[in-house]
Amino acid sequence: MPSPHPLAPLSPEDLVALRENLQEQRLFREEQLRRLAVLPPGTDAGSGAGVGLAASARMVLADVEAALGRMAEGRYGRCHLCRRPVGRERLVIVPQARYCARCQQVRVRVRAQGLEAGR
């Protein structure tokens, strides 16, 4: 069976699989944050590295919850900038993606240029 066109609308089966993936990611990040919260400050994970890991986990958790919210509202799979569909392959890899690959590349380039200008 041929794979669907990358920008084809998501099938109901796609949405179910992506929702399950997002829910698993949410549970993983919540558990990760619970574990990091109980580590004593003197341990490696309780140090600055642990603080960074916790911040990263909170950021991913927020993105995952936002994606689940978009699913519930029927807005999932549309780029926040250009409003075109986010490619199916991209959503399979990064189900919480807010931007299509093209707009994400532009955002990364603009951010990199801003960092270079600030030097």
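Helices (H or I, at least four residues) and strands (E, at least two) are DSSP runs, numbered from the N terminus. The close-ups below use that numbering for helix H1. This is a predicted model, in which local features need pLDDT of at least 70, side-chain atom pairs count only at pLDDT 80 or more, and totals for chains, interfaces and linings use all residues. Residues are numbered from 1 along each chain as its sequence is written, and side-chain values use heavy atoms, with hydrogens and water left out.

**View 1. Glu-31 pairs with Arg-35 in helix H1.** The two residues form a salt bridge (a side-chain nitrogen of Lys or Arg within 4 Å of a carboxyl oxygen of Asp or Glu). Here the closest N and O atoms are 2.8 Å apart. Glu-31 and Arg-35 sit four residues apart in helix H1, so about one helical turn separates them. Arg-35 is exposed, at 56% relative accessibility. Glu-31 is partly exposed, at 30% relative accessible area. For these terms, buried means under 20% relative accessible area, exposed means over 50%, and partly exposed lies in between (1.4 Å probe, protein chains only).

**View 2. Glu-31 also meets Arg-34.** Their side chains join in a salt bridge, with N to O at 3.1 Å. Both residues belong to helix H1, which covers residues 12-37. They are three residues apart, about one turn of the helix.

**View 3. Glu-73 and Arg-75 form another salt bridge.** Side chains of opposite charge can pair when their charged atoms come close. In this pair, N to O is 2.6 Å. Glu-73 is exposed, with 53% relative accessibility. Arg-75 is partly exposed, with 43%. Back in the earlier views, shared partners link Glu-31, Arg-34 and Arg-35 into one salt-bridge network. The structure holds five salt bridges, including the pairs shown here.

**View 4. Cys-79 and Cys-103 are not bonded to each other.** How many disulfides does a search of the whole structure find? The count is zero. A disulfide is a pair of cysteine sulfur atoms within 2.5 Å. Why is there no bond from Cys-79 to the closest cysteine sulfur? That sulfur, in Cys-103, is 3.7 Å away, which is too far for a bond. Cys-79 is buried, with a relative accessible area of 0%.

**View 5. Cys-103 is in no disulfide.** The nearest cysteine sulfur to Cys-103 is that of Cys-100, 3.7 Å away. Cys-103 counts as buried, at 7% relative accessibility.
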